[in-house]
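Let's take this protein apart by asking what lies behind each structural label. Have a look at the model first, and then we can reason through the labels together.

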Amino acid sequence: MLRQALRQFSRLQWTSFPSRVSLAAGSQVSPLAPRTLSFSTSRRRDIMEMTGFTDEQLTVHEAIKQICSNFPNTYWQERDQQEKDPKEFHAALARDGWLGIALPEELGGAGLGISEATMMMQTITQSGAGMAGAQAIHANVYATQPLAKFGTKEQLETTIPNIINGTWRTCFGVTEPNTGLETLKLKTVATRTENGYSISGQKIWITCAQVASKMILLARTTPLEEVKQSSEGLSLFCIDLERNQPGLDMRKIKKMGGRAVDANEVFFDDYKIPAETLIGEESQGFKIILHGMNAERCLLAGEALGLGYAALEKAAQYARERIVFGRPIGQNQGVAHPLADAYMKLEAAKLATYHAARLYDSNDGSVPFHAVGVACNSAKYVAAEAAFTACERAVLAHGGMGYAMEYDVERYLRECFVPRIAPVSREMILNYVSEKVLELPRSY
Ligand SMILES: Cc1cc2nc3c(=O)[nH]c(=O)nc-3n(C[C@H](O)[C@H](O)[C@H](O)COP(=O)(O)OP(=O)(O)OC[C@H]3O[C@@H](n4cnc5c(N)ncnc54)[C@H](O)[C@@H]3O)c2cc1C
């Protein structure tokens with residue numbers, strides 16, 4: 001359905017605009033409109049260089065940008081300040097089928113790749129929605145991937161269409177308070193019962209658990225002492241979050257940024273789930289989520305990039321317009337050069353990100369898994385760092401106004417820590433590259 005809509009959208013765009021260049025310049029900007037002058041406050045083209053993207057990526061970018069234009073920065077400021085879920089935004093994307101962008105067509109998805117999904121997530125953060133906008137839908141796009149690949153026909157038929165059409169939202173439950181990045185040691189257990197499993201344990205930082213009906217949950221089904229390798233004995237489930245059922249509790253975490261979306265501690269105490277909630281084979285849960293981990297790194301890299309470009313765009317606009325000492329502050333190289341440097345860092349990270357996504361999507365066996373892993377981890381790392389640089393410099397370029405909520409860049413700076421920390425920290429990526437690429441001794 002979405003594919004069809006995309007084709008239609010694409011046709012409309014191609015006929016409304018005489019050339020690719022004009023499309024790339026943004027649907028709001030007519031090629032016939034008068035040229036903007038350097039100090040103009042009127043809308044300018046995106047600062048991100050759009051050449052080199054595929055037609056599908058450009059179409060996704062334009063279509064998502066159009067949807068996001070209904071959710072201005074003031075919407076996100078309010079949601080952030082009031083810690084209110086952006087449910088209208090989630091609904092708008094679900095209405096047009098976007099949550100199924102990377103799900104197979106036979107399940108009602110668009111059957112596009114991670115390259116297009118990354119572009120969608122980037123366009124969302126870049127619109128001003130920031131990480132809050134991305135996180136409101138992230139798990140629905142990403143955590144459904146292992147389900148789509150390993151789920152039973154019945155699981156797919158009942159769950160996937162309801163996630164795509166927005167009836168159900170999902171969250172992803174991996175991180176635990178006592179084991180952190182050492183995922184293989186996680187303590188939440190799923191013990192066999194007569195009809196299914198009983199879950200006991202605790203998860204932390206679970207985004208959108210308050211509004212989700214489903215959780216993709218990783219739990220241990222065979223004790224660590226009884227498995228040959230620690231990666232065995234973990235199982236993946238797609239469970240209902242039944243708040244009225246005994247054994248489930250959750251508590252919101254007060255956090256630094258992205259306050260529109262909730263993050264939670266989730267407690268399970270003999271919480272009963274049916275056997276049909278198991279995804280794939282028992283004990284193979286870690287291998288199953290590995291399948292999606294590289295995809296998630298690409299999405300996060302895209303989200304980081306979008307945030308960085310959004311911050312930089314604001315900074316450049318402010319630097320053009322703010323007059324101090326009788327001239328725009330951007331005329332001072334001390335203001336201009338850090339922004340120009342941040343731009344080049346973002347552009348380099350953009351190449352790394354879409355290169356990684358392309359490798360991920362080329363699943364014909366021609367690219368070794370190792371190469372995909374290195375590319376996706378590296379992309380997430382450099383994009384998150386480039387976003388941090390851009391957001392920090394954007395705040396500084398605004399002077400005191402960088403600290404005011406009205407100017408958005410303080411919100412972006414607060415949010416840009418997320419891709420540096422999650423789903424895997426900078427340090428663990430450095431460990432990974434040290435070991436797997438440089439062949440240095442494993443340090444942990
Ligand atoms: C806003 C937000 C949303 C999140 N959403 C979700 C979600 O929806 N679902 C989910 O499951 N999780 C989620 N997470 C959790 C996130 O994935 C983890 O916070 C992240 O993986 C880091 O784990 P930790 O916090 O336990 O850090 P820890 O493992 O406690 O590590 C702490 C610090 O020590 C460093 N460190 C640890 N070991 C080493 C080592 N051997 N070498 C070098 N450095 C090391 C780490 O790099 C890190 O800087 C979210 C986190 C945040 C902040």
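Q: How do you describe the way H6 and helix H11 (residues 333-361) pack?
A: In this predicted model, the two helices pack at an angle of about 145 degrees, and their axes are 8 Å apart. Angles run from 0 to 180 degrees between N-to-C directions, so this value is above a right angle.

Q: What makes H6 and H11 count as being in contact, and which residues are involved?
A: Two residues are in contact if their C-beta atoms lie within 7 Å. On the H6 side, Ile-114, Ser-115 and Thr-118 meet Thr-353, Tyr-354, Ala-357, Arg-358, Tyr-360 and Asp-361 of H11. By class, this contact has four nonpolar, three polar and two charged residues.

Q: How do H4 and H6 pack, and which residues meet?
A: H4 and H6 have axes 8 Å apart and an angle of about 35 degrees between them. Asn-73, Trp-76, Arg-79 and Asp-80 of H4 meet Gly-128, Ala-129, Gly-130, Ala-132 and Gly-133 of H6. The H4 contact with H6 has three nonpolar, four polar and two charged residues.

Q: Why is the crossing of H4 and H6 called left-handed?
A: A crossing gets that name if the near helix is turned anticlockwise from the far one by less than a right angle. H4 passes H6 in just such a left-handed crossing.

Q: What are the domains of this protein, and how many residues of domain 1 and domain 3 are in contact?
A: The division gives domain 1 (2-29 + 39-150), domain 2 (170-285) and domain 3 (286-436). The contact takes 32 residues from domain 1 and 37 residues from domain 3. On the domain 1 side, helix H4 (73-82), helix H6 (114-135), helix H7 (138-142) and helix H8 (144-150) each give two or more residues. H6 supplies the largest share of that side, 16 residues. By class, the domain 1 side has 15 nonpolar, 14 polar and three charged residues.

Q: Which residues come nearest the ligand, and what surrounds it?
A: Among the 22 residues around the ligand, Gly-180, Trp-205, Ser-425, Glu-427 and Tyr-444 come nearest. Two or more shell residues come from each of strand S1 (170-173), strand S3 (196-207), helix H14 (418-421) and helix H15 (426-436). The shell divides into 14 nonpolar, seven polar and one charged residue. Domain 2 (170-285) and domain 3 (286-436) each provide at least three of its residues.

Q: How do you know that the peptide bond between Ala-422 and Pro-423 is cis, and where is Pro-423?
A: For the cis bond that joins Ala-422 and Pro-423, omega is about -5 degrees. Pro-423 is found in the loop between H14 and H15.

Q: What makes the phi of Asp-408 worth a note, and where does this residue lie?
A: Asp-408 is not a glycine, yet its phi is positive, at about 70 degrees. It lies in the loop between helix H12 (369-397) and helix H13 (409-415).

Q: What does the UniProt record place at residues 54-166, 171-270 and 284-436?
A: The unreviewed entry places "Acyl-CoA dehydrogenase/oxidase N-terminal" at residues 54-166, and that span is 70% helix and 0% strand. It places "Acyl-CoA oxidase/dehydrogenase middle" at residues 171-270, where the chain is 0% helix and 46% strand. The annotation "Acyl-CoA dehydrogenase/oxidase C-terminal" covers residues 284-436, a span of 76% helix and 3% strand.

Key: Residues are numbered from 1 along each chain as its sequence is written. This is a predicted model: local features need pLDDT of at least 70, side-chain atom pairs count only at pLDDT 80 or more; totals for chains, interfaces and linings use all residues. UniProt positions are given in the numbering used here, feature names are shortened, and annotations may be inferred rather than shown by experiment. Helices (H or I, at least four residues) and strands (E, at least two) are DSSP runs, numbered from the N terminus. A residue is near a molecule or strand if its C-beta atom, placed from the backbone, lies within 6 Å of it. Ala, Val, Leu, Ile, Met, Phe, Trp, Tyr, Cys and Pro count as nonpolar, Asp, Glu, Lys and Arg as charged, and the others, Gly among them, as polar. Domain bounds come from an automatic or database domain assignment.
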